Amino acid sequence: MAEPSNQQPAPSRPPRTVSAMVFAILPLVLIAFGMAGLLGQCSFNPGGPQVQVPTVDVPAELDRASDRVGFPLADPELPPNWRANSVNVLTLRSHAEVVRIGLLTGDGHYLRFSQSTAAEEELVTADTRQPPQALGTVDAGGQQWVRYQSVEGEEAWATDRGDVRVLIAGNAVEPEFRTLAEAALKAPLKP
């Protein structure tokens, strides 16, 4: 049987090499990144991620909190490189209120400063999320504080300031605990 003479030879296929595949996919990748960039869904940051930690106006937040609680609040004056990133009011099982300030120290450690009329045991349990386990005492700011074990390598310090219990907890180092303890006891009280 003779082959028809009007049949054309089969077209040649492009080469199947890695470089050929890269050049075939490259336009699609560029289009995808271009679309994502235009829509704001990705960014390029060669220095790594930058986390923006919120900062709160502690005096204003404590003024608002003082309207809810029936006890005076301390606004400790802290080093300028410390930042408050939260202030909230919690209600414990006994219906006692706790005003808590979250702080980042200059070295990036985290501390919570809580003020309440709750019993020390209840306040410590609420903050450390475990029954109180005293580790001893420490003197700071001219007053004795009871040290408590907390979860995840944290520690808590508690003492009384008149009728108000104050508690400091977090993963900071002892000099940072002392800085906050001294400032908490020296701070004027907001009625």
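Reader: Among contacts in the chain between residues at least 6 apart in sequence, what share joins residues at least 24 apart?

Author: Keep in mind that this model is predicted. Take the contacts between residues at least 6 apart in sequence. Of these, the share that joins residues at least 24 apart is 50%.

Reader: How many helices and strands does the chain have?

Author: From the N terminus on, the elements run α-α-β-β-β-β-α-β-β-β-β-α-β. That is the order along the chain. The secondary structure comes to four helices and nine strands.

Reader: Which strands are the edge strands of the open sheet?

Author: Seven strands form this sheet, in the order S2-S3-S4-S8-S7-S6-S5, with antiparallel pairing. An edge strand pairs on one side only. The edge strands are S2 (83–91) and S5 (134–140).

Reader: By how much are neighbouring strands of this sheet turned against each other on average?

Author: The sheet's pairing is antiparallel. The average turn between neighbouring strands ignores direction. It comes to 20°.

Reader: Which residue in S6 stands opposite alanine 134?

Author: S5 and S6 pair in the antiparallel sense, over six bridges. Alanine 134 has its opposite residue in S6. That residue is tyrosine 148.

Reader: What angle does the direction of helix H2 make with that of S2?

Author: Helix H2 covers residues 58–66 and packs on the sheet. There H2 touches S2 and S3. Its direction makes an angle with that of S2 of about 10°.

Reader: Why do the buried residues of H3 line one face of the helix?

Author: The buried residues of H3 (residues 120–128) are Leu123, Val124, Asp127 and Thr128. Seen down the axis of H3, they fall within one arc, so they line one face of the helix. In general, an α-helix has 3.6 residues a turn, so residues three or four places apart point the same way. For H3, the arc is 110°.

Reader: Which strands does H3 lie across?

Author: H3 runs at about 25° to S8. What covers its buried residues includes S3, S4, S6, S7 and S8. The strands H3 lies across are S3, S4, S6, S7 and S8.

Reader: Is threonine 105 buried or exposed?

Author: Threonine 105 lies in the loop between S3 and S4. Its relative accessible area is 4%. Buried means under 20%, so threonine 105 is buried.

Reader: Which residue's side chain makes a polar contact with the side chain of threonine 105?

Author: Leave aside neighbours within four places in sequence. Threonine 105 is then in contact with Asn81, Trp82, Leu111, Ala172 and Glu176. The polar contact between side chains is 2.8 Å, and the partner is glutamate 176.

Methods. Residues numbered from 1 in each chain as written. Predicted model: local features only at pLDDT ≥ 70, side-chain atom pairs only at ≥ 80, totals over all residues. Heavy atoms only, no water. Buried < 20%, exposed > 50% of the residue type's maximum accessible area, 1.4 Å probe, protein only. Helix = DSSP H or I, 4+ residues; strand = E, 2+ residues; numbered from the N terminus. Arc of directions from axis to C-beta. Contact = heavy atoms within 4.5 Å. Polar contact = N/O pair within 3.5 Å; in protein donor to acceptor, adjacent residues only side chain to side chain. Pairing = 2+ DSSP bridges. Axes fitted to C-alpha atoms, helices over the stretch in contact; angles between N-to-C directions.
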